[in-house]
Amino acid sequence: MNTLNTETPVAKPFRRTGDPVELTSESPLHPRRKSRRIMVGPVPVGGGAPISVQSMTNTLTADVPATLQQIAELTAAGCDIVRVAVPSQDDADALPEICRKSPIPVIADIHFQSKYVFQAIDAGCAAVRVNPGNIRKFDQVGPDICKAATDAGISLRIGVNAGSLDKDLYARYGGPTPEALVASALKEAHMFEDVGFHDFKISVKHHDVITMVQTYRLLASKGDWPLHLGVTEAGPQWQGTIKSCLAFGALLAEGIGDTIRVSLSAPPVEEVKVGCKLLEYMGLRPRKFDIISCPSCGRAQVDVIQLASAVTEGLKNITAPIRVAVMGCIVNGPGEAREADLGVASGNGKGQIFIKGKVIKTVPEDQIVDTLLEIANDMAAKMEAEGKVPEGATGPVVVPIQHPGR
């Protein structure tokens with residue numbers, strides 16, 4: 001097994017995937033696809049393990065302090081596994097210290113230079129991502145990589161991307177089609193398995209949602225490898241979030257997928273927030289803090305958008321698993337959010353504050369935000385004192401609720 005250098009103690013131990021309430025990760029929509037289990041450090045991937053959330057640092061890996069700082073931020077946001085880029089010798093040289101001090105497992109992302117794969121293994125990385133399509137002479141060095149990984153007790157990821165597809169396969173299939181991407185993945189998977197190496201997961205990423213979903217469906221039917229889901233080059237934050245949620249939602253609803261990485265042209269922490277919330281809303285992680293709010297309509301007698309934004313901002317550091325509802329009118333407000341722990345229905349210059357659908361007080365409009373924040377913070381503090389805040393809990397996301405009849 002991989003042994004981390006403990007010369008310098010880490011600030012906290014590895015955050016293992018899940019706690020007693022997350023020992024299984026079955027979708028309420030479809031049974032999970034049966035896959036073999038591998039380990040990325042202490043984090044299990046596949047074999048029914050809870051679906052883990054990954055991200056990748058965007059710092060210069062050779063800048064160890066900056067990279068470790070970003071890893072700490074990702075960990076705080078709920079990230080289970082982090083990947084770092086290793087395009088240069090300086091980056092490879094930085095890996096031992098990063099692996100030693102990181103609070104979560106580190107995966108080295110290797111392209112072109114196979115020598116960095118061996119350095120990453122020696123450095124104590126929990127796994128290595130290799131893209132066979134652009135590793136020089138991969139057919140020759142692949143068996144040596146497998147042996148080194150076996151000796152170190154670590155896992156690998158075969159990362160197939162539309163942009164780096166083998167030229168022969170590209171020509172044979174007429175482009176990065178699902179069949180071409182799966183053929184590439186199968187070729188490398190069989191090469192690993194032929195030398196007795198089975199501790200690997202596979203990703204077959206594409207920027208197009210439909211192609212990506214078709215590719216993973218096809219690959220899932222070919223074997224029991226754990227699958228890393230990703231929409232590559234998904235785009236800016238709003239666009240990439242939509243594309244990732246569509247693709248991941250379709251696959252996870254079918255039981256396909258063992259670990260995910262939301263790829264956004266945005267700070268990496270935002271990737272983790274989206275990934276964690278996506279799993280929550282799919283029923284694959286326990287619900288944590290959440291805000292529901294209605295869209296603005298002609299019945300609204302308050303600026304719902306401003307009100308929801310103010311509440312979200314005021315509660316951005318709350319992680320206790322409470323649900324806060326912000327409703328713009330009193331017609332359907334309490335009824336629509338009766339399952340909320342705390343909420344407000346606004347109208348006529350006032351706000352009815354309710355808990356579990358029961359109105360507890362009415363306050364002037366200019367006191368709505370302060371009242372909600374005070375009660376929510378009291379609720380959160382009580383839950384924290386009682387040990388009811390899940391490890392790795394995340395902050396609020398606004399979820400629009402449609403009025404009946406709209």
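This is a short talk through charges, burial and surface patches in one protein chain.

Okay, before anything else: what you have on screen is a predicted model. Let's start with the overall picture. The protein chain has 12 helices and 16 strands. It runs to 406 residues, and 56% of those count as buried. If you take the contacts between residues at least 6 apart in sequence, 67% of them join residues at least 24 apart. As for the outside, the chain exposes about 17200 Å², with carbon and sulfur atoms supplying 53% of that.

Now the salt bridges. How many are there? The count comes to 16. I'll walk you through a few.

Go to Arg 285 and look for its partner, Asp 80: the two form a salt bridge, and their closest N and O atoms are 2.6 Å apart. These two come from distant parts of the chain, 205 residues apart. Arg 285 sits in the loop between α9 and β11, while Asp 80 sits in the loop between α1 and β4. So are the two partners buried or exposed? Arg 285 has a relative accessible area of 8%, so we call it buried. Asp 80 is down at 1%, so it is buried as well. The cut-off here is under 20% relative accessible area, if you want to check me on that.

For a contrast, swing over to helix α4, residues 138–152. Here Lys 147 pairs with Asp 151, and the closest N and O atoms are 2.9 Å apart. Why are these two separated by about one helical turn? Because they are four residues apart in that helix. And unlike the buried Arg 285, Lys 147 is exposed, and so is Asp 151.

Next pair: Arg 217 and Glu 254, whose side chains meet in a salt bridge at 2.5 Å, N to O. Arg 217 is in helix α7 and Glu 254 is in the loop between α8 and β10, so the bridge ties together parts that are 37 residues apart in sequence. Arg 217 comes out at 40% relative accessibility, so it counts as partly exposed. Glu 254 is partly exposed too, with a relative accessible area of 26%. While we're on salt bridges, there's also a network: Arg 32, Arg 33 and Asp 258 are joined into one by bridges that share partners.

Hold on to Asp 258, please, as it comes back with the next residue. What is the nearest side chain of opposite charge to Lys 201? It's Asp 258, but that is 9.9 Å away. Lys 201 is buried, yet has no salt bridge. You'll find Lys 201 in strand β8, residues 200–205. What does Lys 201 touch, then? Leaving out residues up to four places away in sequence, its contacts include Ile 38, Val 40, Val 45, Ile 107, Leu 156, Ile 158 and Pro 226. Gln 54, Arg 157, His 228 and Thr 259 are also among them.

Another acidic residue to click on is Asp 290, in strand β11. At 3% relative accessibility, Asp 290 counts as buried. Its C-alpha is 9.1 Å from that of Ala 320, although the two residues are 30 apart in sequence.

Let's move to the surface. Which residues form the negative patch? They are Asp 303, Glu 365, Asp 366, Asp 370, Glu 374 and Asp 378. Take Asp 366 as one of that group: it lies in the loop between β15 and α12. Its relative accessibility is 65%, so it counts as exposed.

There's a nonpolar patch as well, about 370 Å², made by Trp 238, Ile 242 and Leu 246. Trp 238 is in helix α8. At 60% relative accessibility, Trp 238 counts as exposed.

Last stop, a backbone detail. Most residues other than glycine have a negative phi. Now look at Glu 233, where phi is near 50°, a positive value in a residue other than glycine. Where is Glu 233? In the loop between β9 and α8. Glu 233 has a relative accessible area of 60%, so it is exposed.

If you open the model later, put two pairs side by side: Arg 285 with Asp 80, and Lys 147 with Asp 151. Then have a look at Lys 201, buried and with no salt bridge. That's me done, thanks.

Terms used: Residues are numbered from 1 along each chain as its sequence is written. This is a predicted model: local features need pLDDT of at least 70, side-chain atom pairs count only at pLDDT 80 or more; totals for chains, interfaces and linings use all residues. Side-chain values use heavy atoms; hydrogens and water are left out. Patches are made of residues with over 30% relative accessible area and no salt bridge: like charges are joined within 9 Å, nonpolar side chains (Val, Leu, Ile, Met, Phe, Trp, Tyr) within 5 Å. Accessible areas come from the Shrake-Rupley method with a 1.4 Å probe; for residues, only the protein chains shown count as cover. A salt bridge is a side-chain nitrogen of Lys or Arg within 4 Å of a carboxyl oxygen of Asp or Glu. Lys and Arg count as positive and Asp and Glu as negative; His and the chain ends are not counted. The place of a charge is taken as NZ of Lys, CZ of Arg, CG of Asp or CD of Glu. Buried means under 20% relative accessible area, exposed over 50%, partly exposed in between (1.4 Å probe, protein chains only). Contact means heavy atoms within 4.5 Å.
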